[in-house]
Amino acid sequence: IMLKVTAEAAYVLKAAREGAGATPTSGLRIRRSETAEEGSLAIRMGFQEDPEPTDHTVEQDGLRVFVATEVADSLSDRTLDVEATDHGAEILFRDSQ
């Protein structure tokens, strides 16, 4: 099972993509952070035009998401979602039901 993306998350991330000046066809790439401590999952996200050759790709409501192989298993049963906070929308990963 691959990472799922809610419609709300796709909407917020497409707006963020536009705000970042990325092209409308750019996707969100999720990868392991270089600063991740051993045994922990710290990720980085950013927009790029195309997936890397080994990335897994998911699409939701016009948003492409590229998941790097090294984090794909950890995120396979998760849902990328957003939550409203006092500081704006916060991106989070929920356990898929």
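Strands S4 and S5 form a hairpin with two residues between them, and Asp61 in the turn has a positive phi of about 50°. Strands here (E, at least two residues), like helices (H or I, at least four), are DSSP runs numbered from the N terminus. The model is a predicted one: local features need pLDDT of at least 70, side-chain atom pairs count only at pLDDT 80 or more, and totals for chains, interfaces and linings use all residues. Residues are numbered from 1 along each chain as its sequence is written, and side-chain values use heavy atoms, with hydrogens and water left out.

A closer look at the turn is worthwhile. Asp61 sits in the loop between S4 (56-60) and S5 (63-67), and its positive phi occurs in a residue other than glycine. With 42% relative accessibility, Asp61 counts as partly exposed, that is, between buried (under 20% relative accessible area) and exposed (over 50%), using a 1.4 Å probe and protein chains only.

The two arms are antiparallel and pair over five bridges, where pairing requires that DSSP finds at least two bridges between the strands. His56 stands opposite Val67 in S5, while Val58 has Val65 as its bridge partner in S5.

The hairpin belongs to an open sheet of four strands in the order S3-S2-S5-S4, with mixed pairing. S3 (43-48) and S4 are the edge strands, each pairing on one side only. Neighbouring strands of this sheet are turned by 25° against each other on average, direction ignored. Axes are lines fitted to C-alpha atoms, for helices over the stretch in contact (heavy atoms within 4.5 Å), and angles run from 0 to 180 degrees between N-to-C directions. Helix H1 (residues 7-19) lies across S2 (27-32), S3, S4 and S5, and runs at about 95° to S5.
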